[in-house]
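Student: Could we go through this structure together, with each label checked against the rule behind it?

Tutor: Yes, let us take the labels one at a time.

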Amino acid sequence: MHLILQLSKISTIVSCVAFLFVFLGESVFAKENLNNENIPHVEYTLEITDNDTGEKKALAVEDEDVKFTMIELDPNLTTFNKNFVIPSSMDIGDDERLYSGYVEIDVSDVLADEFGIQAIQPLSQSGDSSLTKNQVVIRAGLTFSTNASKNSIIIHRVNGSTTSSGIYYVVRRNFYWRNPGSGRGAATAPTTNSWDYAVTDYWGTYSSSLRPYALLDTVIDVAGMSGGAETLSVMYSVQP
């Protein structure tokens, strides 16, 4: 599915707490329970904002451009995905389940439409016949535990990444996580292409109005092009 946007100039958005709560309620373009009723439902949203007008647009991408995962972890194992370590202090009770997941979206086609750029460009203008793909991939995710009997959730780790190639480059990243039920959350500005770290959270109730999430804002620009950058925002949230 495609959503064609008529945006003349896209620029940086300013994120704030109020925006985060509004974003959670808008324009969900994917929902998945991964065909397992025991796995929590998760959703993602993808959005772009015109800073000149303040208008926000939800974006839809092809299913093939989205990697959307959620798996249950065995708390008795010491490692996950090569670099995930379950702390010895993580005491998982009988009614608690441990999960990890993320959404990873290739937004190259969306950016190509907005900038009017081909997906493949010459690598150089000096006679080099090599080709490079103009590509941007963004990712946001959570590792958390749930307690079904108490309808509560706690976040253990957060992760995200940005990958760019060709004429696209990342100007900056702003990453947020929040567990509304516990009142915990934080905002950071990662300076590396990927991150995965532990956070301090408490058990909190979660519901349709209290949905834990990870949110990544990525400002993308095009080398040699004037007219402003694009800010893409992807959110990964856990549903009751």
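Tutor: We are looking at a predicted model, and a good place to begin is R139, whose charged end sits over the ring of Y102, 3.5 Å from the centre of that ring.

Student: What makes us say that the charged end of R139 sits over the ring of Y102?

Tutor: The rule asks for a distance within 6 Å of the ring centre, together with a position within 35 degrees of the ring normal. The distance for R139 and Y102 is 3.5 Å, and the charge is listed as sitting over the ring.

Student: Why is S233 called buried?

Tutor: S233 has a relative accessibility of 2%, and buried means under 20%, so S233 counts as buried. This residue lies in strand β17, which covers residues 230-239, and 10 of the 10 residues of β17 are buried. T231, S233, M235, S237 and Q239 point one way from the strand, while E230, L232, V234, Y236 and V238 point the other way.

Student: How do you know that the side chains of S233 and D217 make a polar contact?

Tutor: The two side chains come to 2.6 Å, and the cut-off for a pair of N or O atoms is within 3.5 Å, so the distance satisfies the definition.

Student: What makes β16 and β17 a pair of strands?

Tutor: A pair needs at least two bridges, and 8 bridges join β16, residues 213-222, to β17, so the two strands pair, and they run antiparallel. One of the bridge partnerships is that of L215 with M235 in β17.

Student: Why is the aromatic pair of Y44 and F68 called edge-to-face?

Tutor: The structure holds 4 aromatic pairs. In the one formed by Y44 and F68, the centres are 5.2 Å apart and the planes stand at 80°; the limits are centres within 6.5 Å and, for edge-to-face, planes over 60 degrees apart, so both parts of the name are earned. Y44 lies in strand β2 and F68 in strand β4, so the pair ties together parts that are 24 residues apart in sequence.

Student: Which residue joins Y44 and F68 in one aromatic cluster?

Tutor: Y236 does. F68 and Y236 form an edge-to-face pair, at 6.0 Å centre to centre with 85° between the planes, and this pair links strand β4 with strand β17, 168 residues apart. Y44 and F68 are buried, and Y236 is buried as well.

Conventions
Residues are numbered from 1 along each chain as its sequence is written. This is a predicted model: local features need pLDDT of at least 70, side-chain atom pairs count only at pLDDT 80 or more; totals for chains, interfaces and linings use all residues. Side-chain values use heavy atoms; hydrogens and water are left out. Helices (H or I, at least four residues) and strands (E, at least two) are DSSP runs, numbered from the N terminus. Buried means under 20% relative accessible area, exposed over 50%, partly exposed in between (1.4 Å probe, protein chains only). A polar contact is a pair of N or O atoms within 3.5 Å; within protein, one must be able to donate a hydrogen and the other to accept it, and residues adjacent in sequence count only if both atoms are side-chain atoms. Rings of Phe, Tyr and Trp (its six-membered ring) pair if their centres lie within 6.5 Å; planes under 30 degrees apart count as stacked, over 60 as edge-to-face and the rest as tilted.
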